[in-house]
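Trainee: Could you walk me through this structure and show me how each label is earned?
Mentor: Happy to; let us set each value against its definition.

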Amino acid sequence: MRLRILLLLLWMGLSCQTPAEKKTYSIGFSQCTGGDEWRRVMLNDINRELTLYPDFRLIYKDAANSTATQLAQIKELVQQDIDLLIISPNETSPVLTAAIDEVFQKGIPVILLDRKITSESYNSFIGADNLEIGRMVGEALPTLLKKGGKIVEVWGLASSSPAQERHKGLIEGISKKPAVQIIGQLYGQWEQDTARKVALANLDILREADLVFAHNDVMALSVQQVCKEAGIRPLPLFVGIDGLPGPKSGLQKIMEGTLTATFLYPTGGEEAIETAARILAGKAAKREYVLNSIRIDRSNIKAIKTQSDKLLLQQQDIESLNQRIGQLNDTYASQKNALYVIITCLVLAVFLGIWALYLVRAKQLSNRKLELQNRQINEQKDKIEEVSNKARQATEEKLRFYSYISHEFRTPLSLILTPVEDLLNQKAISQKDLKSGLLYIQKNAHRLLRLVDQMLDLRKTDAGQQLLQASEQDVVQFLREIVTDFQQKAHKSKIDLQFITSATFLPLWFDAEKLDKVLFNLLSNAFKYTPKGGFIHVILQETAENVQIIIKDNGEGMSDTEKERAFDLYFSGQKKYSLGTGLGLALSREFVHLHHGEIEVTSTKNEGTTFDISLPKGDAHLMPDEKALLDKTERPTPTFWEETEVVLPTPAAEIADAATSVVLIEDNTDLSHYILDKLAKIVSIQSFTTAERGWEGILSMIPDLIICDVMLPGMDGFELTQRVKEDFRTSHIPVLLLTAKSQIDAKIEGSRAGADVYLTKPFNTTHLTETIKTMLNNRAKIQRRFSSEYVFTNENKIEKRFLNELTARIETHIADSEFSVEKLSTDMGMSRVQLYRKVHALLQMNVNDYITEIRINKAKALLRDTNKSIADVAYETGFNSAAYFTTLFRQKQQQTPSEFRKSVGV
Ligand code: FRU
């Protein structure tokens, strides 16, 4: 729509630029004949004059001397809607007169040129006075003839008005001159050819003539030519009419003396156009426009010729100027058109440019809108994703928390159930065993209780039911007491525990029960992660408004993520939840917040952790219901069940092979102690609290069995199992994974890692010892298989590879008597002890025996398959002497080498 309006405006603009249309006039010109020079001159005169009237359009018709043709052409012109008719009628015939009458009646102005009609139906007649010309000729004849003479008159078309009037004038002119006599009249019809014909037909008359007067120069010259050809001597004088310029026309012929005289007969072409312009402009025009004529003969020809030539030149100049003007007009017109085209293109280009700009702008706008929408959608999407991520994370954390809580419950439960089962299994229980078992049970029951208390505390805090019951007390004494409570534990763990403060007395509003729990948790946590020889400092200091309690250790420290989320309830750190870092820290923060205080943690991995508690001084920050009604200065006595030495009942299990070595990796010291106590009697056992240290122990001991907890700080049980099973040196050692985690996916993870047995906590001791025995027995069976047949199943690919490599290395050096266990263990990338333990575990023999066995086997093959001497065979299989070879051979084969050779039929 917008485009259409713009196009319309453009068109209107262009229309306005076009010059106002001027009215053009069509002028019909009906010529009786166009075939002679005089008529050509007339048409030139008309066209020349028309150049002054650019709004006139000439429609030219040549009737070629035919009245019928001229009639038809008049009709055509009328049909072409001419505004004016110029006509030179062929003759004065009634039909032609009637036709012109009709045109005139239609209101089309009519100008008669040169010849007349018999009616008055015309606006203007333009032409010379032919009667007068005839008279001038008649009067001039006596002078030309001197004494009079015989005359032959050559007529134009007898029915045309000039011929009639010229004849009439001639008669009048010679009427007073009796000496002049017309002896003949020839009818040449204005035409050169007709004149020639009639002249040829009337030579006799012409021979008599003294002077020939023709109605025009063309006929006079044509008759003269006939006379010359007929040999008429002397030639008569010749007189004509028209006096045209040009090399073959009247004026030239006068100059040459061919014609004696001629009479100027103007064409009236210019006057006709001038008159037409007046009529069309509505101005008055003369009805009769008589053109002047003069006699031209030898007396005035030079002057006239000069003037005529000049005129001719001027006319030629005018024509060439006209041509030039025409060319310029054409150029102008084409340039104008080009200009219009250029302007149109320019306007179109501008318009299209504006249009394109408009479209670009619109596109930009819509793009911007879309971008904005896109951004908004993306932002919304991000928000939704963020919310759903948070929700998912929260759910995952909750689930993790539940599984952690279950785990935390299972460990003390297992340490309650196991001694109970052990006690029940014993027929007679000693007093000592009973007490020890019960202490174990009590300790773990308390631990459970504390766990449940903490959960309830948290639940209360969550529900907003936890109320501060603060009273003003000396915080110095309060802290000193707590630190003192931990001193024994510090002493045992060889940790430098100090309470540092410059204050001796510092009153502070706090809830002793809650703050005690906070400090208990933070200190327990510090002990858990501080190694032997480390320090734990409790620092008390004050600022103008706050009291600061700082618990600083140089223990394991936390990673950035652990630190960031240390107080989050559901965050498990890397893999491990612990009471201290899980419930304990979350609860501590809640309790500090209840005090309107702040707790912050700063920690660097492997450098240590600092908890900084800041509590406001005074009681202005406390609501009335946050103050205890009674002063509760008594701090609950902490229970350090972990410190209690427990002597476990003696295991009822039968003594197994004490030479069997076992590595136990368990971070829970209670459980570790318990298992140690149970197994120490049947195997040689060494325990570790982390998988990293356990791995080192495994490598140095190459034990017969590994018992490992799954959930360990740092490397976990699965990772350790995988490492054990992938290492040549340890791949043969069976692994028993212990865990409180009973989820099925964990089992799968365990089996993928290659664990041999998976035992879920709580387990009973008998089950554990039985399982261990079964595992060791299975190992022995496998050993037998390895040592007797060297046949391996798919399940023992790693061992097979190990033995293949071992055998191949021995065979490579079989001729080398110096080849030793040291060299072999270096080749295998193991220590001597590792190689010894591995070979013994797989083959139940020492490495040297195995080397000897390979040598003997090779010797047997040589004895059987070759004729080599015993000495050679001994030498080739790495024995220094044939005697020693024979002795060893007999020991192993119960026959000498030669007996063996005989027995196999060589
Ligand atoms: C030309 C002409 C002239 C003559 C005139 C008379 O066609 O024959 O020679 O003067 O016509 O109409």
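Mentor: A nonpolar core is a set of buried Ala, Val, Leu, Ile, Met, Phe, Trp, Tyr and Cys residues joined through side-chain atoms within 4.5 Å. Buried means under 20% relative accessible area, exposed over 50%, and partly exposed in between, with a 1.4 Å probe and protein chains only. This is a predicted model, where local features need pLDDT of at least 70 and side-chain atom pairs count only at pLDDT 80 or more, while totals for chains, interfaces and linings use all residues. Residues are numbered from 1 along each chain as its sequence is written, and side-chain values use heavy atoms, with hydrogens and water left out.

Trainee: Which residues touch the most other members of the largest nonpolar core?
Mentor: They are Val 475, Leu 540, Ile 549, Ile 551 and Ile 613, in a core of 49 residues. Helix 15 (residues 512-529) gives the most to this core, 9 residues. Apart from this core lies another, of 40 residues, including Ile 126, Val 180, Ile 241 and Leu 244. In soluble globular proteins, nonpolar side chains tend to be buried together.

Trainee: What is Val 475 in contact with, leaving aside its neighbours within four places in sequence?
Mentor: Contact means heavy atoms within 4.5 Å. By that rule Val 475 is in contact with Leu 506, Leu 508, Phe 510, Leu 540, Val 547 and Ile 549.

Trainee: Why is Lys 552 called partly exposed?
Mentor: Its relative accessible area is 35%, which falls between the two cut-offs, so Lys 552 is partly exposed. Lys 552 lies in strand 17 (residues 546-553); helices (H or I, at least four residues) and strands (E, at least two) are DSSP runs, numbered from the N terminus. Leaving aside neighbours within four places in sequence, Lys 552 is in contact with Phe 535, Ile 536, His 537, Thr 609 and Thr 610.

Trainee: What makes helix 6 mostly covered?
Mentor: Of its 14 residues, 10 are buried. Among them are Pro 162, Arg 166, His 167 and Leu 170. The buried residues of helix 6 pack against helix 5 (130-145), strand 6 (149-155), strand 7 (180-187), strand 8 (211-214) and strand 9 (237-242).

Trainee: How do you know what span to expect for helix 6?
Mentor: The expected span is 1.5 Å times one less than the number of residues. Helix 6 (residues 161-174) reaches 20 Å from its first C-alpha to its last, close to the 20 Å expected.

Trainee: Which residues are around the ligand?
Mentor: A residue is near a molecule or strand if one of its heavy atoms lies within 4 Å of it. The residues around the ligand include Asp 36, Trp 38, Arg 39, Asp 114, Trp 190 and Tyr 265.

Trainee: What makes the pairing of Arg 115 and the ligand a polar contact?
Mentor: A polar contact is a pair of N or O atoms within 3.5 Å; within protein, one must be able to donate a hydrogen and the other to accept it, and residues adjacent in sequence count only if both atoms are side-chain atoms. A polar side-chain atom of Arg 115 lies 2.9 Å from an oxygen atom of the ligand, so the pair is within the limit. For Arg 166 the distance to a ligand oxygen is 3.0 Å, and for an N or O atom in the side chain of Asp 242 it is 2.5 Å. Taken alone the ligand exposes 310 Å², and the protein buries 99% of that; accessible areas come from the Shrake-Rupley method with a 1.4 Å probe, and for residues only the protein chains shown count as cover.

Trainee: Is Asp 114 buried or exposed?
Mentor: Buried, because its relative accessibility is 3%, against a limit of under 20%. Asp 114 also has a positive phi of about 70 degrees although it is not a glycine.

Trainee: And is Asp 81 buried or exposed?
Mentor: Asp 81 is exposed, because its relative accessible area of 61% is over 50%. Asp 81 has a positive phi too, of about 60 degrees. Most residues other than glycine have a negative phi, and most peptide bonds are trans. The peptide bond from Arg 233 to Pro 234 is cis, with omega near -10 degrees.

Trainee: Why does Ser 731 count as buried?
Mentor: Its relative accessibility is 6%, under 20%, so Ser 731 counts as buried. The side chain of Ser 731 also makes a polar contact with that of Lys 838, at 2.8 Å.
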